[in-house]
Amino acid sequence: MDDYISCMFAGHLGAGLLLKRAGRKVSLGWLFFGAMLLDILLWLLVLAGVESVQVPPHLRTMADLTFDFPYSHSLVAGLGWSLVMFVVGWFVGRRFPQQRLACALVLAAAVFSHFALDCLAHIPELPVAGRDSKLLGFGLWRNLPLAWSVETALTAAGVWVFLKAQLLDRRRIFALVAVMTLLTAMTILGQASSSAPPSIAAVARSSLVFIALVIWFGWWIDRCKEGIRP
């Protein structure tokens, strides 16, 4: 599982937590799903043989993995999947007519936040439109201590903003803080690891299971909440 946690996992979830303030009617489970949608697509397409992840021969850290992912992580794909999630959010928000547009926009933003954060972290390997198009990426992972600081700050800010927006019982507050702290630590340790994954297919399968568990955790956190802060 550390092979998957080497990606900017906690940071993506932190972005989902931050968006709760703008979309209070949207379940955290939906926000986590939106924030992780591009990776869900990536691993499904890897298993289908459409996209791929390469392990360099002289692996120093897991941040050295390279990706071929034009259908899940290109700029055009990110915008397209955000539009799809906007439609989903419009459907999800049907019970809250006055908040329906906000629900749709927040879920679309959760999807696109994934592309934006990956563009910040990855070397130039995120295509604009397809394999032969210009590649984007600011390469924050070239400076892992700085990347870890940014990811930790984003995750901590997300937890703080979420707890300011939601009234949770003590059990859920403790669970959220503990799980997000654990995921941040696992992300840092995973990125620092120099052990090559056993196989990319195995990483893809375990990643999909892990993402599903985190999404379920998000729904559980928002279930039976005490209320919403004004």
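**Exercise 1. Burial of helix α2**

Identify which residues of α2 are buried in this predicted model.

*Solution.* The cut-off for a buried residue is a relative accessible area under 20%. By this criterion the buried residues of α2 are Phe9, Ala10, Gly11, His12, Leu13, Gly14, Ala15, Gly16, Leu17 and Leu19. They make up ten of the eleven residues of α2, and the helix is therefore largely enclosed by the rest of the structure.

**Exercise 2. Aromatic pairs**

State how many aromatic pairs the structure contains, and classify the pair of phenylalanine 9 and phenylalanine 210 by its geometry.

*Solution.* A search of the whole structure yields six aromatic pairs. For phenylalanine 9 and phenylalanine 210, the ring centres are 5.4 Å apart and the planes stand at 45°. Planes under 30 degrees apart count as stacked and those over 60 as edge-to-face, with the rest tilted. At 45° this pair is therefore tilted.

The next step is to place the two residues in the chain. Phenylalanine 9 belongs to helix α2 (residues 9-19) and phenylalanine 210 to helix α9 (residues 200-222); with these positions 201 residues apart, the pair links distant parts of the chain. Both phenylalanine 9 and phenylalanine 210 are buried.

A second pair joins phenylalanine 67 to phenylalanine 69, with 5.3 Å from centre to centre and 15° between the planes, and is stacked. Phenylalanine 67 and phenylalanine 69 are both buried as well. In addition, Trp30, Phe33 and Trp219 form one aromatic cluster.

**Exercise 3. Arginines over aromatic rings**

Determine which rings have arginine 94 and arginine 172 over their faces.

*Solution.* Arginine 94 lies over the face of phenylalanine 91, at 4.1 Å from the ring centre. Arginine 172 is placed over the face of tryptophan 220, and here the value to the ring centre is 4.4 Å.

**Exercise 4. The largest cavity**

Describe the volume and the lining of the largest cavity.

*Solution.* Begin with the count: the structure holds three cavities of 30 Å³ or more. The largest cavity has about 50 Å³ of space. Its lining consists of Cys7, Asp39, Leu42, Phe67, Phe69, His73, Asp118, His122 and Trp141. Sorted by class, this lining has five nonpolar, two polar and two charged residues. Phe67 and Phe69, both among the lining residues, are the partners of the stacked pair in Exercise 2.

Now consider one charged member of the lining. Aspartate 118 is in helix α6. Its relative accessibility is 3%, and it therefore counts as buried. The C-alpha atoms of aspartate 118 and leucine 140 are separated by 9.3 Å, although these positions lie 22 residues apart along the chain.

**Exercise 5. Serine 113 and valine 88**

Decide whether serine 113 and valine 88 are buried or partly exposed.

*Solution.* Take serine 113, located in helix α6 (residues 100-121). Its relative accessible area is 17%, so serine 113 is buried. The side chain of serine 113 reaches the backbone oxygen of alanine 110 at 2.6 Å.

Turn next to valine 88, found in helix α5 (residues 75-92). Because its relative accessibility is 25%, valine 88 counts as partly exposed. The C-alpha atoms of valine 88 and glutamine 191 are separated by 32 Å, with the two residues 103 apart along the chain.

How values were computed. Residues numbered from 1 in each chain as written. Predicted model: local features only at pLDDT ≥ 70, side-chain atom pairs only at ≥ 80, totals over all residues. Heavy atoms only, no water. 1 Å grid on protein atoms, 1.4 Å probe; cavity = no way out; pocket = protein on both sides within 12 Å on 5 of 7 lines; lining within 4 Å. Points joined across faces, edges and corners; volume = space filled by probe spheres on them. Nonpolar A, V, L, I, M, F, W, Y, C, P; charged D, E, K, R; others polar. Helix = DSSP H or I, 4+ residues; strand = E, 2+ residues; numbered from the N terminus. Buried < 20%, exposed > 50% of the residue type's maximum accessible area, 1.4 Å probe, protein only. Polar contact = N/O pair within 3.5 Å; in protein donor to acceptor, adjacent residues only side chain to side chain. Phe/Tyr/Trp six-rings, centres within 6.5 Å; stacked < 30°, edge-to-face > 60°. Lys NZ or Arg CZ within 6 Å of the ring centre and 35° of its normal.
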